[in-house]
Every structure is written in structure tokens, then in C-alpha cells.
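Here is a short, friendly tour of how some helices pack in this model. Have the structure open beside you as you read.

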Amino acid sequence: MLDKRPRPRKISKVQKIALQRNISAHELAKNILTEAGYKIVRQETPVFEGGWRGYLVEYPCQISDVQFVKRMRRSWLIDLADLVIDGVPTEEIASANQSEYEWTKEV
């Protein structure tokens, strides 16, 4: 017989730290990214499907001599902050996430 209990959800490092500090994971992610040299701007017009505005994030690196900028969802900011905490080089993150409407934390 299968166990009907739900599996525990995997919680990210940023979410764990946010819980300990009693702040939102989103706010902590923005703070981590800002300290790491990323520039984050909230979009005023909808960018994503469903009318989500998202964020415009300028990475502190260049790809092919062009400053790397990506539109991101709120949840992607937390994933990005997790990668920054793990010490993944910015260039690797940017190279893996060049597609405009997709995100991967598998770097």
C-alpha cells in the first residue's frame, strides 16, 4: 500500500535563512543579489503571461562584450540568490539562462 502522507517540500537556502530572520524570502533574495552586484528593477508593464510584471535584472558580468540583462519572475530571484550563496560564478548562471522566458537553476 502506498504511503498517502505528502512528501516534505524541499526548501531553498534563501527560504531557510528568511524563516530564521523572519523576513520574506523575496526580500532577502533581493538584498543578497544587490550586495552581489546585481541591479534589480521592477517592471511597470506586464511582461510575462498572465499579466505578471516581473523584474529586469542586470548581472554583474558580460557575455560577448555585452552587459547581460534578463527579465525574471519573483521566484527566479530566489533561485538566483541560492546560486549566488552557493558560489556559482555569475558568467555560468548567465550562460545557462540566456533564453528570455525560461529559467534553470541547473548550472
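In this predicted model, the axes of H1 and helix H2 (residues 25–35) come within 9 Å and cross at roughly 110 degrees. An angle of 65 to 115 degrees counts as roughly perpendicular, and H1 and H2 are therefore roughly perpendicular to each other. Their crossing is right-handed. If you would like to find the contact on screen, look for Val14, Gln15, Ile17, Ala18 and Arg21 on the H1 side, which meet Ala25, Leu28, Ala29 and Ile32 of H2. Sorted by class, the residues of this contact are seven nonpolar, one polar and one charged.

H1 (residues 13–21) also packs with helix H3 (residues 74–85), and here the axes come within 8 Å and cross at roughly 95 degrees. H1 and H3 are therefore roughly perpendicular to each other as well. From H1, the contact uses Lys13, Val14, Gln15 and Ile17, while H3 brings Ile78, Ala81, Asp82 and Ile85. This contact has five nonpolar, one polar and two charged residues.

The two pairs can be set side by side:

| Helix pair | Axis distance | Crossing angle |
|---|---|---|
| H1 and H2 | within 9 Å | roughly 110 degrees |
| H1 and H3 | within 8 Å | roughly 95 degrees |

One residue of H3 deserves a look of its own. Is Asp79, which lies in helix H3, buried or exposed? Its relative accessibility is 17%, and buried means under 20%, so Asp79 counts as buried. Leaving aside residues up to four places away in sequence, Asp79 touches Trp103 and Lys105.

Note on methods. Residues are numbered from 1 along each chain as its sequence is written. This is a predicted model: local features need pLDDT of at least 70, side-chain atom pairs count only at pLDDT 80 or more; totals for chains, interfaces and linings use all residues. Side-chain values use heavy atoms; hydrogens and water are left out. Axes are lines fitted to C-alpha atoms, for helices over the stretch in contact, and angles run from 0 to 180 degrees between N-to-C directions. Helices (H or I, at least four residues) and strands (E, at least two) are DSSP runs, numbered from the N terminus. Angles under 35 degrees count as roughly parallel, over 145 as roughly antiparallel, 65 to 115 as roughly perpendicular and the rest as oblique. Contact means heavy atoms within 4.5 Å. Ala, Val, Leu, Ile, Met, Phe, Trp, Tyr, Cys and Pro count as nonpolar, Asp, Glu, Lys and Arg as charged, and the others, Gly among them, as polar. A crossing is left-handed if the near helix is turned anticlockwise from the far one by less than a right angle, and right-handed if clockwise. Buried means under 20% relative accessible area, exposed over 50%, partly exposed in between (1.4 Å probe, protein chains only).
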